[in-house]
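Load the model and orient it on its sheet. The walk below starts with the whole chain and then moves strand by strand.

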Amino acid sequence: MHKGILIVAHKPIASAFYEVVTQIYGQLQDFEAVDIISDEPKEAQLEQLKQALAKLHTEETVILTDLCGATPSNVSHQFSQEKPVLILDPLSIPLLMKVICYRGQPLSIIAQKAEEIKPNICTNEDNHCNCNEQAWTTCPTSCEVNSKSE
């Protein structure tokens, strides 16, 4: 069974990442984004997240936030007691693609795969770039992204 995926980030980051994913994969099942406005009342932020989680018809959810300790992350942690949730940050396209590719695996495997995402470090000092060493570029052959049926 695949996991729900929820992007929770400062406005408009979540929506922008959602758009990137839909350009790559099309519309995905159980995939939502919530743009958080930091100065909104906490109750409104919690309600936004609650509504998005209700749209995910899964027993387990992966939440990706833009910055640990910031408002979107803090709001997300409030829901981690209600059902099995894995919260990952910082949000990046490689991390999001990794989660999508492994969303059919247990949360523990998704967490391990997320740890494979490393920063791309390029220096002009020694003309070295590790971008070809990234592990995220390979999805399992059984990568099921669960696109929505039209």
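What follows covers the overall make-up, then the sheet, then the helices against it.

This is a predicted model: local features need pLDDT of at least 70, side-chain atom pairs count only at pLDDT 80 or more, and totals for chains, interfaces and linings use all residues. Residues are numbered from 1 along each chain as its sequence is written, and side-chain values use heavy atoms, with hydrogens and water left out.

The chain holds 5 helices and 6 strands. Here helices (H or I, at least four residues) and strands (E, at least two) are DSSP runs, numbered from the N terminus. In order from the N terminus, the elements read β-α-β-α-β-α-β-α-α-β-β. Of the 150 residues, 40% are buried; buried means under 20% relative accessible area with a 1.4 Å probe, protein chains only. The accessible surface is about 8,400 Å², and carbon and sulfur atoms supply 51% of it. That area comes from the Shrake-Rupley method with a 1.4 Å probe. Take the contacts (heavy atoms within 4.5 Å) with a separation of 6 or more. Residues 24 or more positions apart make up 69% of these.

Now the sheet. It is open, has 4 strands in the order β2-β1-β3-β4, and pairs in parallel. Two strands pair if DSSP finds at least two bridges between them. β2 (31-36) and β4 (85-88) are the edge strands, each pairing on one side only. Neighbouring strands are turned by 20° against each other on average, direction ignored. Axes are lines fitted to C-alpha atoms, for helices over the stretch in contact, and angles run from 0 to 180 degrees between N-to-C directions.

Turn to β1, residues 4-10. With β2 it runs parallel, joined by 6 bridges. I7 stands opposite A33 in β2, and A9 has D35 as its bridge partner there. From β1 the chain passes through helix α1 (residues 13-25) to β2, a right-handed β-α-β crossover. Right-handed means that, with the strands pointing away from the viewer, the path from the first strand over the helix to the second runs clockwise. β1 also pairs in the parallel sense with β3 (residues 61-65), over 5 bridges. On that side, V8 stands opposite T65.

Which strands does helix α2 lie across? Helix α2 (residues 42-55) lies across β1, β2 and β3, at about 175° to β2.

Last, burial. In β1, 6 of the 7 residues are buried. In β2, 5 of the 6 residues are buried, so β2 is largely enclosed by the rest of the structure.

Definitions and conventions: Buried means under 20% relative accessible area, exposed over 50%, partly exposed in between (1.4 Å probe, protein chains only).
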